[in-house]
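Visitor: Take me through the salt bridges here, please, one pair at a time. I'd like a close look at the side chains involved and where they sit.

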Amino acid sequence: MALTLLRGIRTPTLFRTNVGLFCTARHPPLAHFTTRAGGMQTTEPKAAPKSIQQATKEAAEHKTRGFEAVIGIETHVQLSTITKAFCSCPYNYGSQPNSTVCPTCMGHPGTLPVLNAKVVDCAVKLGLALNCEISMTSKFDRKQYFYPDLPKGYQISQFDIPIAEKGYLDLDLPVEFGGGHRRFGITRVHMEEDAGKLLHSESGSYSQVDLNRAGVPLLEIVSEPDMRTGIEAAEYGAEIQRLVRYLGVGNGNMQEGSLRCDVNVSVRPIGQPEFGTKVEVKNMNSFSEISRAIDYEISRQILLHKESQADQIVQETRLWDESSQKTFTMRKKEGLADYRYFPEPDLPEVVLTSEYIDEIRNSMPELPEAKRRRYENMGLSMQDVIFLANDDNVAHFFDATLERGADAKLAANWIMGDITAYLKNEKLSIDEIKLTPLELSELIASIKNGTINGKIGKEILVELIAKGGTVKSVIEEKDLVQIADPAAIEAIVDQVLADNPKQLEQYRAGKTKLQGFFAGQVMKASKGKASPVLLNKILAEKLKGNQ
């Protein structure tokens, strides 16, 4: 594979290499930025990462200073199609550089794009999920700009007639962040192709180009500027990720670049109808980073206003540096005129029918917002509701457990408690364990009808998660049936009291906390099988001296 090296961007040389990368430009290190956060150089002291709770507190404090933030987000969703948007090349994350490319996605002269129909399916599906109006006829446009990883010198995108527009997204804020329901407007959803990827040298003197990603299908979701805090923006991004995964249109993995959020932030005095000068922030790889980056940028802009330096807030693109917890200037932001949009002459219009849209709508699963409302109507707390609906696999497991007759609250408690703790400890997802919804419902029923107690239930749960099997077989195999015979429990209690005369004397002298000690000894003697209800009743009578 040829490797082109441009010195000073004016003296190109050509030589061969085996690394499979195109090299772009040799240039002196830039003063304030690089496209990799690890390469940023600054003499300012590094700050410790702030917690989201702290960011929430600071965001609330900003309003008391007489200013409010105006935030909008442009989200790029990479679609999980087999081939790219306009050619037959596959895309596999982590492939060797420039190993999944062809003349079309490399922008060679004379090649023509052919639209992947699956991209349209995904666009309509996501547009409907975002409550948008679907355009029966839309078109593609050329967005002109030069960048080394954009081989054609333009991007195929949509401009004035996107495939979906005028929608909204509903979400519930977590209780720890104040709770409440929010609705954020969606300006548009449009189809486009991705650019390639630049790999920068450690010295910053040259960059290499990997075109594997060039031509990969994207959906860009543009929100209305309806958000006011970093937390709201982060939760908006998380809800988009949930939608993408529920619908199966993409994996939504931010660490792979499959979901990327560019945030537009401005501040204005409270009561002022006009927006302030917006700044775009990039390079955020998690939702917590989005929250922290926004809150930093709000603070930076408010400080400039208060120091009468608002003119220093310019429309630009800034990068978030996680290590220093600051944003840095990357480049001046382009305007619409710079892109010189015009209709893509090599692609026909996308014309949809009502039947096609109805077919897509009828194939869609229950979405997170609808699922949250259904769970809420079951009487579950908002904390339970948000947790269960957050992950489609968890929600499916929960629903399947309820279908087997389990009580909703008890099932939620087991999933959110012991099962989630096991998953975190073993770094597994709920669809990777051997416990089935049927056996979780059987476990809950066995505790409820008194066959086993809660402590034994926890032991059985771990066995079922790790090894599978049935509740009934584990109970029989390990002889775990709960002792519910009052006479048997009374005999164990009598023996425990006889074995601990000193503690019994102390209890009757006023140290009533020792009741827990005696209960523990009884459970130990019964190998955990004594009915807790009967145990506590009999023990209380015996401790008082009642015969």
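Guide: D262 counts as buried because its relative accessibility is just 8%; the cut-offs are under 20% for buried, over 50% for exposed and partly exposed in between, with a 1.4 Å probe and protein chains only. Bear in mind that this is a predicted model, where local features need pLDDT of at least 70 and side-chain atom pairs count only at pLDDT 80 or more, while totals for chains, interfaces and linings use all residues. Numbering starts from 1 along each chain as its sequence is written, and side-chain values use heavy atoms, with hydrogens and water left out.

Back to D262: its salt-bridge partner is K282, with the closest N and O atoms 2.8 Å apart. K282 belongs to strand β16 (residues 279–282) and D262 to strand β15 (residues 259–269), so this pair ties together parts that are 20 residues apart in sequence. Strands here are DSSP E runs of at least two residues, helices are H or I runs of at least four, and both are numbered from the N terminus. As for what qualifies as a salt bridge, a side-chain nitrogen of Lys or Arg has to be within 4 Å of a carboxyl oxygen of Asp or Glu. By that rule, the count comes to 33.

Now for a pair inside a helix. E239 and R242 meet through their side chains in a salt bridge, 2.7 Å from N to O. They're three residues apart in helix α3 (residues 230–247), which means about one helical turn separates them. E239 counts as buried because its relative accessibility is 1%, and R242 also makes the buried class, at 10%.

Helix α7 (residues 368–377) holds another such pair: E369 and R373 both lie there, four residues apart, about one turn of the helix. Their side chains form a salt bridge at 2.8 Å, N to O. R373 has 24% relative accessibility, so it is classed as partly exposed.

Here's where the two helix pairs come together. E239, R242, E369 and R373 are among the members of a network of salt bridges, which also links D172, R372 and E376. So if you're tracing that network on screen, you could start from E239, buried at 1%, go to its partner R242, and then pick out the E369 and R373 pair in α7.
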